[in-house]
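Work through the exercises below with the model open beside you. Try each task before reading its solution.

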Amino acid sequence: MANFFLDNKDLQYHLGHPLMKKIVDLKEQGFRDKDQYDYAPVDFEDAIDSYKRVLEIVGDVTANTIAPNADSVDKEGPRVENDRVIYARGTQENHDMLTQAGVYGISLPRRFGGLNFPLVPYVMTCELVSRADAGFGNIWGLQDCAETLHEFASEEINAEFLPQINKGATAAMDLTEPDAGSDLQAVMLKATPNPDKPGEWLLNGVKRFITNGDGDISLVLARSEEGTTDARGLSLFVYDKKNMAVKVRRIEHKLGIIGSPTCELVFTNAPAKLVGDRKMGLIKYVMALMNSARLGIGAQSVGIMEAAYREALKYAHEREQFGKPIIQFPAVYELLTNMKARLQASRALLYETARFVDVYKNYFHIEKERKLTKEERDEMKKYQKLADAYTPLLKLFSSEYSNSVAYDALQIHGGSGFMKDYAIERIYRDARITTIYEGTSQLQVVAAIRGVTTGVLLGQMQGYEAIKPVAEMENQYRTLVAMRQQYEEAVKNVHELSSQDSELLDFHARRLVEMGGYIIMGHLMLQQASDPEVGENYRISAIAFIKEGEAKCNAHLTYIKGSDPDSLGYFKMVLDENVEA
């Protein structure tokens, strides 16, 4: 039988990364659970074996249930009956299979019914599920809500809600509203204390574009401070669907990810509990939730790329024109080579980011139990800075590449790819949303530019340069060093320009961020290509990706050097254009 984990050597490579030893040690805290839970690992090797066995289970379900259901789910979609969401038949079957397999909530502590897995194997499950069906990937990935509760909610709230996850409770994060999309500080859904029930709040208002909006457990951003209009008046609440005080007004009719119900919700005196402290809903808790969601979209994007690449490769081998398979034509095999390079580079960035998040979040939880040593606190800060810098970079590159790889895969199919007879048509539609939700690509640049201006990205480039490659990749190493020098020149140029017009930093931000991304991803690919055991599997992709990055960095530097403080004026002309009705 097919298995989406076993047929993907990349995932197995990343599971064996050297940093996993530190991550497992931090997560298991001396393997203290081994005497209390018979399924808890007794050492590092046992832990990795557990991860692999669970990933094999998910790989089996994704390959043999979720992927075969994807087409029917896309055609049927969810519906609303009596103010409730009814999943498509295949969606419900997917959910039931994974629930029966006991793999929901795998990253939660064992005392709440989880398996206490690190984020890395959990993110791998997100990639596997999204490869099978990106729409269902959203339902699966909303377990991030449980992670947010685990991080910030009281022990009482966690004891009530978290054990439900492993039993199949679904989740939703109710953030956006008709007039509050990217600008979440404009949220106006009202939260008021229940005068008849101390500790309970009542929620009233409307939410829109809520993924899996009829989930069993919802995290809701609401305005708790009367008379406020900014982020300081917002708090985070947890709502239980059992109260039946939220109605699904409608499900949006979408271009893609159709199996994932995107809902408009009406709250009427919906009882909820406060998560953490008042006024910190957006400033602290939702920001953490959004970062987790962006890591999830990175995994979803990589899963979509994997599906698209495999569909294109298969079709290119099977389709014959002019007496031979089309994969033998340079125009096609160049496309496929670059698609694979972007896929593997995105996956490398995905798991590098996940490892950074894993380390700092483990320290975050350890600090709840005891005071960290100075060395531990410094290490937590280091990895948190890296995670904060890499997360928007990941979301930007992986989602853009998801679209480009799906585009090229459809192109390889030719006219057939435009027809609903082929899976690539659905995959292509599913990819489009990845650059939009959980923060558009433009917003990721706004977040990622901080990694440029603070020197975090430059420090990582220099650190990667200290890792020498195998002799066969020496040319690519020198290219990356030259690209880093170009990057420093570009940053210096923009800094000088922005001293005359501050908007020029924003204007050139994407060019700087992309240059940083090409260099960092190039180094990650170089490291994989230099691995003594599996390096040969990555060398073609490393060469192709670094060559593409070199061309892009050259173009960005040339553009920046050709700019002057007046260059914005040409683009601002559009502000004066009148829009005719």
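**Exercise 1. Take stock of the fold.**
Task: Find how many helices and strands the chain has, and decide whether its radius of gyration agrees with that of a compact globule or departs from it.

Solution:
- Keep in mind that this is a predicted model.
- Start with the elements: the chain holds 18 helices and eleven strands.
- Next, take the expected value. For 581 residues, a compact globule would have a radius of gyration near 25 Å.
- Compare. The chain has 24 Å, which agrees with the globule value.
- Add the outer dimensions: along the principal axes, the C-alpha atoms fill a box of roughly 70 × 60 × 60 Å.

**Exercise 2. Describe the inside and the surface.**
Task: State what share of the residues is buried, what share of the surface belongs to carbon and sulfur atoms, and how far apart the centres of positive and negative side chains lie.

Solution:
- Burial comes first: 58% of the 581 residues count as buried.
- Look at the contacts with a separation of 6 or more. Residues 24 or more positions apart account for 76% of them.
- Turn to the surface. The accessible area of the chain is about 25200 Å², and carbon and sulfur atoms hold 52% of it.
- Finish with charge: there are 67 positive and 83 negative side chains. The centres of these two sets lie 1 Å apart.

**Exercise 3. Examine two covered helices.**
Task: For helices H7 and H2, work out how many residues are buried, and name what covers H2.

Solution:
- Take H7, residues 144-152. Nine of its nine residues are buried, so the helix is mostly covered.
- The buried set of H7 includes charged residues, among them Asp144, Glu147 and Glu151.
- Move to H2, residues 19-28. Seven of its ten residues are buried, so H2 is largely enclosed by the rest of the structure.
- Name those of H2: Leu19, Met20, Ile23, Val24, Leu26, Lys27 and Glu28.
- Find the cover. It includes helices H1 (9-15), H3 (44-76), H5, H10 (330-369) and H11 (374-413).
- Check the end of the helix: just after H2, Gln29 takes a positive phi of about 50°.

**Exercise 4. Test the cysteines.**
Task: Explain why Cys145 and Cys263 form no disulfide.

Solution:
- The cut-off is a sulfur pair within 2.5 Å.
- Cys145 has its closest cysteine sulfur in Cys126, 12 Å away, so the gap is too far for a bond.
- Cys263 has its closest cysteine sulfur in Cys145, at 14 Å, again too far for a bond.
- A search of the whole structure agrees with this result: it finds zero disulfides.
- Both residues are buried: Cys145 has 2% relative accessibility, and Cys263 has 0%.

**Exercise 5. Place two residues with positive phi.**
Task: Locate Asn212 and Lys279, and say whether each is buried or partly exposed.

Solution:
- Begin with the background: most residues other than glycine have a negative phi.
- Asn212 has a phi near 55°. It sits in the loop between strands S5 (201-211) and S6 (217-223).
- At 1% relative accessible area, Asn212 is buried.
- Lys279 has a phi near 75°. Its loop joins strand S9 (262-275) to helix H9 (281-318).
- At 43% relative accessibility, Lys279 is partly exposed.

**Exercise 6. Trace the contacts of three buried residues.**
Task: For Asp133, Thr65 and Glu376, list the contacts beyond four places in sequence.

Solution:
- Asp133 lies in the loop between helices H5 (119-132) and H6 (134-141). Its relative accessibility of 6% makes it buried.
- Asp133 touches Ile66, Ala70 and Val73.
- For a distance check, take Gln12: it is 121 residues from Asp133 in sequence and 21 Å away in space, C-alpha to C-alpha.
- Thr65 lies in helix H3 and is buried at 9%. Its contacts are Asp60, Glu93, Asn94 and Met97.
- Glu376 belongs to helix H11. Its relative accessible area is 17%, and residues under 20% count as buried.
- Glu376 touches Tyr363 and Arg370.

Terms used:
Residues are numbered from 1 along each chain as its sequence is written. This is a predicted model: local features need pLDDT of at least 70, side-chain atom pairs count only at pLDDT 80 or more; totals for chains, interfaces and linings use all residues. Side-chain values use heavy atoms; hydrogens and water are left out. Helices (H or I, at least four residues) and strands (E, at least two) are DSSP runs, numbered from the N terminus. The radius of gyration is taken over C-alpha atoms; the globule rule is 2.2 Å times the number of residues to the power 0.38. Buried means under 20% relative accessible area, exposed over 50%, partly exposed in between (1.4 Å probe, protein chains only). Contact means heavy atoms within 4.5 Å. Accessible areas come from the Shrake-Rupley method with a 1.4 Å probe; for residues, only the protein chains shown count as cover. The place of a charge is taken as NZ of Lys, CZ of Arg, CG of Asp or CD of Glu.
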